[in-house]
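The exercises below ask you to read a protein model with care, moving from its spaces to single residues and then to the whole chain. Try each task with the structure in view before you turn to the solution.

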Amino acid sequence: MNLKSKSTNQGINRRQFIAGAGTAAVGLTILNPQLAFGDAANRKLNLGLIGCGGRGQWILKFFADHGGFNLVACADYFQDKVDAAGEKYGIPATKRFTGLLGYKRLLEQKLDGVVIESPPYFHPEHAAAAVDAGKHVYCAKPVAVDVPGCRTIESSGKIATKNNLCLLVDFQLRAHPSHQEAVKRVHAGMIGQLVSMDCCYQTGLVFASQDAELRKNPKNPELRLRAWGSDRTLSGDVITEQNIHALDLASWYLDASPLRAYGTGGRKRDYVGNCWDHFAVIYYFPNDIVVSFSSKQVGHGYDDIMCRVYGLEGTAEAHYFGDVIVRTKDDIYNGGKTPNLYAEGVTYNVATFYDSITKGDFSNPTVAPSVRSNLTTILGRTAAYKRTEVTWDKMLRANEKWTADLKGLKA
């Protein structure tokens with residue numbers, strides 16, 4: 001993978017990372033979840049969970065429902081988190097590991113794979129250790145909070161492929177057939193030459209419960225860790241931790257990384273943490289395509305995660321919780337609504353993870369586009385913090401590393 005941005009004359013079909021990264025993501029094999037276990041290797045895989053918070057406990061249900069996994073171990077910094085996951089899924093107390101290094105003790109167990117749902121700051125470390133330990137990896141997005149972390153995930157993906165291991169990144173939009181078909185049609189030229197794009201991630205308050213806990217004692221290191229979503233170093237800030245869904249969709253449609261970006265933003269809500277609550281970024285992509293992006297995490301009355309692509313012959317419009325449509329004057333593709341994408345995308349990804357392992361597909365096509373999308377958020381974030389234009393190449397050369405303050409936390 002070459003992280004440098006480069007222009008070609010191939011327009012929207014150019015490759016930014018691994019050759020074929022975009023089409024590999026579009027063509028990701030989706031196995032019917034109801035058929036996955038029956039016609040594969042007919043064996044169960046032993047699975048461990050790293051990160052037993054709300055999403056970690058929630059996502060284990062999909063692995064349990066799939067039928068092809070044994071949930072045998074879990075790790076989290078906090079005892080109450082591992083106990084909640086362990087009691088819910090029948091994981092023995094002796095297989096529940098705590099502390100910052102609890103994941104290492106988990107990786108010493110007889111596991112086929114691990115699910116990584118820890119705060120994003122730890123994803124590169126946890127994924128690299130899992131691959132080095134010979135485990136298959138199912139990793140939450142974002143894959144990292146900084147450029148060095150993205151490079152680590154890139155490297156882990158290559159090592160995983162070399163060692164016949166699966167490393168799958170859990171983006172729900174990319175896994176859904178309706179979105180795959182819409183992107184395929186845009187890449188095939190249905191709406192003609194692409195001109196511009198709007199995308200957004202607009203929500204109300206998020207992480208309010210974490211903020212309430214942190215207010216009790218903002219200097220307590222364990223409360224800071226519990227409130228990771230309000231800490232920009234642990235989370236990557238909202239543009240990387242959450243807004244990445246919209247920017248992942250944008251980079252997927254364009255099959256490119258941006259050349260440069262100009263941004264702004266800030267914070268208005270009364271939170272103890274240091275994350276921003278709104279961003280606005282103009283991205284400049286190859287072939288003079290301009291992408292206007294905005295996000296918020298405040299207020300009520302408007303919520304949407306969407307991407308709208310304008311071409312000379314038509315428009316493609318995709319929503320995380322709504323319609324997926326590609327329109328021209330004489331043609332239309334209506335992929336319908338995706339009201340349950342949050343769960344449906346995971347269902348597809350869990351089935352694909354199992355199928356890839358048991359049928360020996362270790363091409364790991366989600367890694368390259370996930371790194372590209374992650375870096376796209378970091379470019380926008382850097383431009384917004386600096387309130388100036390930042391180029392892709394300058395961002396990569398700077399290779400800025402974020403280091404969390406973990407003093408006072410137990411190993």
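**Exercise 1. The cavity**

What volume does the largest cavity have?

*Solution.* Keep in mind from the outset that this is a predicted model. The first step is to look for enclosed spaces, and the structure holds one cavity of 30 Å³ or more. The next step is its volume, and for the largest cavity this comes to about 40 Å³. The last step is the wall around this space: the largest cavity is lined by Phe207, Gly229, Ser235, Asp237, Val238, Glu241, Gln242, Arg269, Cys275 and Gln297. Sorted by class, this lining consists of three nonpolar, four polar and three charged residues.

**Exercise 2. Two neighbours in the sequence**

Decide for Gln297 whether it is buried or exposed, then do the same for Val298, and describe the surroundings of each residue.

*Solution.* Begin with the place of each residue in the chain: Gln297 is found in strand 10, while Val298 lies in the loop between strand 10 (289–297) and strand 11 (304–311). Now apply the cut-off, by which a residue is buried under 20% relative accessible area and exposed over 50%, with partly exposed in between. Gln297 counts as buried because its relative accessibility is 2%, whereas Val298 counts as partly exposed because its value is 26%.

Turn next to the contacts, leaving aside neighbours within four places in sequence. Gln297 is in contact with Thr203, Gly204, Leu205, Val206, Val238, Gln242, Arg269 and Asp277, and Val298 is in contact with Thr203, Gly204, Leu205, Arg269 and Asp277. For Gln297 there is also a polar contact, in which its side chain meets the side chain of Arg269 at 2.9 Å. Finally, Val298 and Lys268 are 30 residues apart in sequence, yet their C-alpha atoms are 8.3 Å apart in space.

**Exercise 3. Helix 6 and its surroundings**

Find how many of the ten residues of helix 6 are buried, and state which elements these buried residues pack against.

*Solution.* Helix 6 spans residues 123–132 and is mostly covered, with seven of its ten residues buried. Listed by name, the buried residues are His123, Pro124, His126, Ala127, Ala128, Ala130 and Val131. These residues pack against strand 1 (45–50), helix 5 (102–107), strand 4 (113–116), strand 5 (136–139), helix 7 (147–162) and strand 6 (167–169). Following the chain just beyond helix 6, you reach Gly134, which takes a positive phi of about 80 degrees.

**Exercise 4. The largest pocket**

Describe the largest pocket by its volume and by the residues closest to its centre.

*Solution.* The largest pocket contains about 1000 Å³ of space. It is lined by 45 residues, of which Gly53, Gly54, Arg55, Glu117 and Trp228 are the closest to its centre. Several elements give two or more residues to this lining, among them helix 3 (54–66), helix 6 and strand 7 (194–203). By class, the lining of the largest pocket has 22 nonpolar, 15 polar and eight charged residues.

**Exercise 5. The whole protein**

How many helices and strands does the protein have, and what percentage of its residues count as buried?

*Solution.* The secondary structure comes to 17 helices and 15 strands. Of the 411 residues in the protein, 59% count as buried. As a last step, consider the surface: the protein exposes about 16200 Å², and carbon and sulfur atoms supply 50% of this area.

Definitions and conventions:
Residues numbered from 1 in each chain as written. Predicted model: local features only at pLDDT ≥ 70, side-chain atom pairs only at ≥ 80, totals over all residues. Heavy atoms only, no water. Buried < 20%, exposed > 50% of the residue type's maximum accessible area, 1.4 Å probe, protein only. Helix = DSSP H or I, 4+ residues; strand = E, 2+ residues; numbered from the N terminus. Contact = heavy atoms within 4.5 Å. 1 Å grid on protein atoms, 1.4 Å probe; cavity = no way out; pocket = protein on both sides within 12 Å on 5 of 7 lines; lining within 4 Å. Points joined across faces, edges and corners; volume = space filled by probe spheres on them. Nonpolar A, V, L, I, M, F, W, Y, C, P; charged D, E, K, R; others polar. Areas by Shrake-Rupley, 256 points an atom, 1.4 Å probe, with all protein chains shown as cover. Polar contact = N/O pair within 3.5 Å; in protein donor to acceptor, adjacent residues only side chain to side chain.
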